[in-house]
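Colleague: Hey, got a minute to go through this model with me? I'd like to know what to look at.

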Amino acid sequence: MPQQEDIFKKLISHCKEYGFVFPSSEIYDGLGAVYDYGQNGVELKNNIKKYWWDSMTLLNENVAGIDSAIFMHPTIWKASGHVDAFNDPLIDNKDSKKRYRADVLIEDQITKYEDKIDKEVEKAAKRFGETFDEQKFRATNSRVLENQSKKDELHTRFAKALNDGDLEELRQIILDYEIVCPISGTKNWTDVRQFNLMFSTEMGSTADGATKIYLRPETAQGIFVNFLNVQKSGRMKIPFGIAQIGKAFRNEIVARQFVFRMREFEQMEMQFFVRPGEELKWFEQWKQTRMKWHKALGLGDKKYRFHDHDKLAHYANAATDIEFEMPFGFKEVEGIHSRTDFDLSSHEKYSGKNIRFFDPELNQSYIPYVIETSIGVDRMFLAILSGSYCEETLENGEMRVVLKIPPVLAPVKLAVLPLVKKDGLPEKAREIRNNLKFDFHCQYDEKDSIGKRYRRQDAIGTPYCITVDHDTLTDHCVTIRYRDTMNQERIPISSLETIIEKKVSMKNLLKQIANV
Ligand code: GAP
């Protein structure tokens, strides 16, 4: 089994064992692609949301937050295009009876070519050592060139089929490239069909004539339909943004890769309303701002990249994804889209209401253009965990699993541990915890050996462990142990708050991205 796949499986079971993520309705054998967050998962998730929310609403005086309802008027989804066009191309394998997204099968084939190229490069780098010239190797090696040309050819054909909405061609590509079902191993495929991803339900009693409504597949439309409410009540001037965090629902066909693709998930979206013609400047600015937000967490700049879209939605004039290197490859975590005036114009048309902004500087009314930044909380959660999961062999040969979660996002900031369960040490430890609990999420733990307690805290990513020993009662000092280095230091109890605050402070992180 490839090592990364192995790590991903371990991460999933680690999440369950340590209270981060549980399969939903587990005692009833679970529900496909729906997950519950446990005691540590919810803290990490809340910290991610706070980092995003504060970065939007505190750092930008022209970004305001809202919280709109999940249920919305059904015509909204007609206006947004979701009723007619929020589809995935589906294909079934007749032997395994398994259903796949045709585009995902083809993307996986493209990834296979990329993997082959990477392996060649890796092998050559090992062979040639320091003298290795990667650029030259990629440009001249025959196996690399062969795989690159196969990849490019497939990519071009695929992008055209998607752009044309040509379902027959998608099927033909699957056949031509001999893509097989991962379960049955056969090429016995059905035709490709479109499948709408929205969940629907009914509002009102049937006797009164119930209305079919949808569970929102994105939070963005709640922002668009409140554009004028926020603009008028907040006396906002263009450019300004509206931010929102909330649940979204999609009946994903290929629900896999843990919390990466869920049927119920959470989004953090911000629509930034600008003057027509200025959208590409703002698109570029938000691209840089959002990348900075990600990189400030310190998981490693190499783990992020932009991926510009081949296929632009008909209403978009620029779009890119921020991808993170998950254990299963670089994958989209956030989308940044220049959506023109498509959404507001469409709502104006369908609602019959005027949705324009009077720009006093231009002395003119117009429908603003929109730059959208849209990030999935759950994907961000997965990015943090996969970037933090480490297995380390210690000097004594033991293995420790440690989550090197950025301290500011860690579910528990410190654990206070009395060395023994007697002699007044538990009381002293509780006293320390009680003093710090107003500022930090602290745990108290007195069970098992100190080594075992360190391991438990490492496993949930606690950046600091504070040990209270007999000397503490007289010298008022404790031992602080740092998660990542495992170094230990003797420090006065009175300095604890300052030391911990420095590393876990959201304020410091926000200052870093605000260039203060
Ligand atoms: N309003 C634009 C929009 O919704 P999207 O690319 O469909 O764009 C934005 O989704 C983000 O939402 C993605 O980058 C991803 O992080 C997250 N997301 C989308 N579908 C998801 C799913 N099924 N499970 C988890 N996260 C998802």
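**Inside the model**

Modeller: Let's begin with Tyr464, which is buried at a relative accessible area of 4%. Buried means under 20% relative accessible area, exposed over 50%, and partly exposed in between (1.4 Å probe, protein chains only).

Colleague: Okay. Anything I should know about the numbers?

Modeller: This is a predicted model, so local features need pLDDT of at least 70 and side-chain atom pairs count only at pLDDT 80 or more, while totals for chains, interfaces and linings use all residues. Residues are numbered from 1 along each chain as its sequence is written, and side-chain values use heavy atoms, with hydrogens and water left out.

Colleague: What does Arg481 touch?

Modeller: Skipping residues up to four places away in sequence, Arg481 touches Arg400, Tyr454, Arg455, Asp458, Pro463, Tyr464, Cys465, Met486, Asn487 and Gln488. Touching is contact, meaning heavy atoms within 4.5 Å.

Colleague: And is Arg481 buried or exposed?

Modeller: Arg481 is buried, at a relative accessible area of 2%. You'll find Arg481 in strand 22. Strands (E, at least two residues) and helices (H or I, at least four) are DSSP runs, numbered from the N terminus.

Colleague: Which sheet order does strand 22 show up in?

Modeller: Strand 22 is part of an open sheet of 5 strands, in the order 20-19-21-22-23 with mixed pairing. At the edges sit strand 20 (442-444) and strand 23 (488-492), and each of them pairs on one side only. Two strands pair if DSSP finds at least two bridges between them.

Colleague: How do strand 19 and strand 21 pair?

Modeller: Strand 19 (residues 414-418) runs parallel to strand 21 (residues 464-468), and 5 bridges join them. One place to look is Val416, with Ile466 of strand 21 opposite. Helix 15 (residues 450-460) packs on this sheet and touches strand 19, strand 20, strand 21, strand 22 (477-482) and strand 23. Helix 17 (residues 496-504) lies across strand 19, strand 21, strand 22 and strand 23.

Colleague: Switching topic: how many aromatic pairs are there?

Modeller: The structure holds 20 aromatic pairs. One of them is Phe128 with Phe132, a stacked pair with 6.2 Å from centre to centre and 0° between the planes. Rings of Phe, Tyr and Trp (its six-membered ring) pair if their centres lie within 6.5 Å; planes under 30 degrees apart count as stacked, over 60 as edge-to-face, the rest as tilted.

Colleague: How accessible is Phe128? And Phe132?

Modeller: Phe128 counts as partly exposed because its relative accessibility is 43%. Phe132 is at 17%, so Phe132 counts as buried. Now back to Tyr464: Tyr464 and Tyr482 form an edge-to-face aromatic pair, 5.8 Å centre to centre with 75° between the planes.

Colleague: Which strands do those two tyrosines, Tyr464 and Tyr482, lie in?

Modeller: Tyr464 is in strand 21 and Tyr482 is in strand 22, so their pair ties together parts 18 residues apart in sequence. There's also an aromatic cluster, made up of Phe8, Tyr35, Phe258, Phe260 and Phe328.

Colleague: Nice. Now, how many residues of strand 16 are buried?

Modeller: In strand 16 (residues 369-376), 8 of the 8 residues are buried, so this strand is largely enclosed by the rest of the structure.

Colleague: Which way do the residues of strand 16 point?

Modeller: Tyr369, Ile371, Thr373 and Ile375 point one way, while Val370, Glu372, Ser374 and Gly376 point the other way, and all of them are buried. In a regular strand the side chains alternate between the two faces of the sheet.

Colleague: Which strands pair with strand 16?

Modeller: Strand 10 (residues 264-274) pairs with strand 16 in the antiparallel sense over 8 bridges. Look for Glu269, whose bridge partner in strand 16 is Ser374. Strand 13 (residues 329-338) also pairs with strand 16, antiparallel over 5 bridges. Here Ser338 stands opposite Ile371 of strand 16.

Colleague: What order do the strands of that sheet have?

Modeller: The order is 3-9-10-16-13-12-11, so to speak the roll call of an open sheet of 7 strands with mixed pairing. Its edge strands are strand 3 (63-66) and strand 11 (304-308), each pairing on one side only.

Colleague: What joins strand 12 to strand 13?

Modeller: Strand 12 (residues 318-326) and strand 13 run antiparallel, joined by 9 bridges. Among these two strands' residues, Glu325 has Phe330 of strand 13 as its bridge partner. Helix 11 (residues 279-295) packs on the sheet, where it touches strand 10, strand 11, strand 12, strand 13 and strand 16.

Colleague: And what does helix 13 lie across?

Modeller: Helix 13 (residues 377-388) lies across strand 10, strand 12, strand 13 and strand 16.

Terms used:
Axes fitted to C-alpha atoms, helices over the stretch in contact; angles between N-to-C directions.
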